[in-house]
Amino acid sequence: MKKEREVIVETTNVKKYFPVAHNQIVKAVDGVSLKLYKGETYGLVGETGCGKSTFGRTLIRLQNPTEGTIKVKGKDISNAPEKELGDLRKQMQMVFQDPFTSLNPRIRIGDMLMEVLKIHGIGNSKSEKMAMAMEIMEKVGLRTEHFYRYPHEFSGGQRQRIGLARALILNPEIIVCDEPVSALDVSIQSQIINLFLDLQDSDDLTYLFIAHDISVVKYISNRIGVMYLGHLVEEATTEDLFSHPLHPYTQALLSAVPEANPHKSDKQRIILKGDLPSPIDPPSGCVFRTRCPYATTLCEDLKPQTLDIGPEEGHRVACHMYAEKHYGTTGAMIEAKGKELAVAK
Amino acid sequence: MNNMKQRTLTEADLRRMVEIRNRLTKEQRSLQLHKFLRNRQAMVGLVIFLIVLFAAIFGPSLCKESPVALNVLNRLKPPSKEHWFGTDTLGRDVYTRVIYGARISMIVGVSVGAISGILGLIIGIYSSYNKYADEILMRICDGLKAIPSILLAITLMTALGADIKNVIISLTVVNTPTMGRLARSAALVVKEQTYIEAMRGIGAKSRRILWRHIAPNIMSPLLVQMTFVFATSIITEAALSFLGAGVPAPQPSWGSILSEGRTVIFTSQWMIIFPGAITAMTVLGLNLFGDGLRDLLDPLSS
């Protein structure tokens, strides 16, 4: 686990704000920094509206980030003009949540796959493109007889395979999966997830797997990031996160996962009070403080830093409870934070 | 990275694929055809329309007489064996004139429907895509729509002069804003679909997205609207000709025949009844066809 791994994507303080009516701003993603290592699956979880999908879309530049940098293989793509994104598009692809709206109903799936190749100038002749499209169809478990079928002739699971084929045909290294299985039946979910895992093995893919279903994320991810109201509140390896959830939000989230045998479990269900605050006017300090059972006045005044706390390396959490441990005393922490602010100014 | 072994398609493979494609296309077509044939309303509309179209195309060669041949001795004769629809104030055969009039109505209807449909598509697509184009195009459309359409058509006809070409131009100007607005609203809906986002994620250029992915998906409402524009153009053309601002005399148009019959409405009703009934039938047929087409193309509306 300790070996040096290649960082393939690195985001620093990525923000995505949307202007809404009355000169207000929705802070959908508010400063997310994370790294994706080559060949891993990074699960991004959080409740509806926490900005995880927006983050995924911003990452592949379907939207431009308001602030922050996105580096793919060391190259900053956060402000690259659309013209220069050709290579990025080849490297990073996306699989969408709803398999029923993500395919153009008027285009045969074979033609759609060939069009992707055409856009990127891959393949010389039509028959070469056709061969590549058929190759990819077989790879995702579709029959080549389906080449000339329209999307509506397929089931949800098959459509998601088509969506995956569309992403894979460019031979990308990174795939952003935006809740790719949440619209599917549970039995189909496992098929598709296993397909994802098989393809990762064979093609050395890196996944950013966005989901709200913790059990799916637990099964597929190497590392997990937990988002709340546009912030990444905790990040750790899957085992570490499940055995030692640090952030109060993560603890509450994990306590809500159903147990196979509830009688044997001694798990305490943590019920969060209140609703998700509006991302137009997020709480001051720590965004979670309005619902946090441990909130203090400090949480109101100061935004917690994201610190690598442990117990294992790479377990990062943004919560004052652990910052104190990190700095020794609250005073030391505030002082350190003050210095940081001074430097920033 | 690329562990896809290159596979090549043999002649036999390609032949097999073409076979699959043809079989599927045939299946899909016959399915659609069946669905359409089952829609009785649309079929009735289509048949009426086809009869009028047939008359417009081949009618003139079926008529022995000229629509402008005067026969003053035979003026205002009621329907008979020689003159099915009677004769008019100048002794011209009303049947022949109605058939020739159908040609004018069809030319006007088809041209206005097609041209305003195409212009509407272009306007709609670009205004859904570009904010500035949207503002400019939609304000022009608003302006044109603020004027009652028949008034606008008359004004344009007066300015341009009575001629079938000018009838088409002015009716296109009248109908394009509606088409543009329709195409725009449909395009705005399609634009938000995930598959458009997916195409952007793949790196498709705007032009490809607009014309290959958005345009085909807004064609159904546009096609339906085109049949209605076709129908209203026939009516408006008749109205213009009735008012003397349409196709110039002595060219026969349904509107001008009605106009001539107006003066003798109490003595020679056939001059009004036949062209009037045929105009109404044609428009009814087109509307029925359009409704059926809408049911066929958009299963949600039925």
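What share of the contacts in chain A with a separation of 6 or more comes from residues 24 or more positions apart? The share is 62%, where two residues are in contact if their C-beta atoms, placed from the backbone, lie within 7 Å. The structure is a predicted model, in which local features need pLDDT of at least 70 and side-chain atom pairs count only at pLDDT 80 or more, while totals for chains, interfaces and linings use all residues. Residues are numbered from 1 along each chain as its sequence is written, and chains are lettered from A and ligands numbered from 1 in the order in which they are written.

The predictor gives the complex an ipTM of 0.83 and a pTM of 0.84. For chain B the mean pLDDT, the predictor's confidence in each residue from 0 to 100, is 88, and 96% of the residues of chain B reach 70 or more. Among the elements of chain B, helix α6 (residues 164–191) has the highest mean pLDDT, 94, and α1(B) the lowest, 85.

Chain A holds 12 helices and 12 strands; these are DSSP runs numbered from the N terminus, with helices being H or I of at least four residues and strands E of at least two. The radius of gyration of chain A, taken over C-alpha atoms, is 22 Å, which agrees with the value near 20 Å that a compact globule of 345 residues would have. The globule rule here is 2.2 Å times the number of residues to the power 0.38. Along its principal axes, the C-alpha trace of chain A spans about 70 × 55 × 50 Å. Of the 345 residues in chain A, 42% are buried, a residue being buried if 20 or more other C-beta atoms lie within 10 Å of its own, exposed if 12 or fewer, and partly exposed in between, with C-beta atoms placed from the backbone.

Strand β9 (residues 223–228) of chain A is a good place to look at burial. Here 6 of the 6 residues are buried, so β9(A) is largely enclosed by the rest of the structure. R223(A), G225(A) and M227(A) point one way from the strand, and I224(A), V226(A) and Y228(A) the other way. Strands pair if DSSP finds at least two bridges between them; β9(A) pairs with β3 (residues 41–45) of chain A in the parallel sense over 4 bridges, with G225(A) as the bridge partner of L44(A). Another 6 bridges join β9(A) to the antiparallel strand β10 (residues 231–237) of chain A, including the one between Y228(A) and H231(A). These two strands, β9(A) and β10(A), form a hairpin with 2 residues between them, and L229(A) in the turn has a positive phi of about 50°.

An open antiparallel sheet of 4 strands in chain A follows the order β2-β1-β4-β5. Its edge strands, β2 (24–37) and β5 (75–76), each pair on one side only. Between β1 (residues 7–20) and β2 of chain A there are 11 bridges, and P19(A) has I25(A) as its bridge partner.

Turning to the interface, 25 residues of chain B are in contact with 29 residues of chain A. On the chain B side, α1 (11–38), α7 (194–202) and α8 (206–242) each supply at least two residues, and α7(B) gives the largest share, 7 residues. Helix α7 of chain B also packs, together with α4 (126–139) and α5 (156–168) of chain A, against the buried residues of α3(A), among them M112(A), L113(A) and V116(A).
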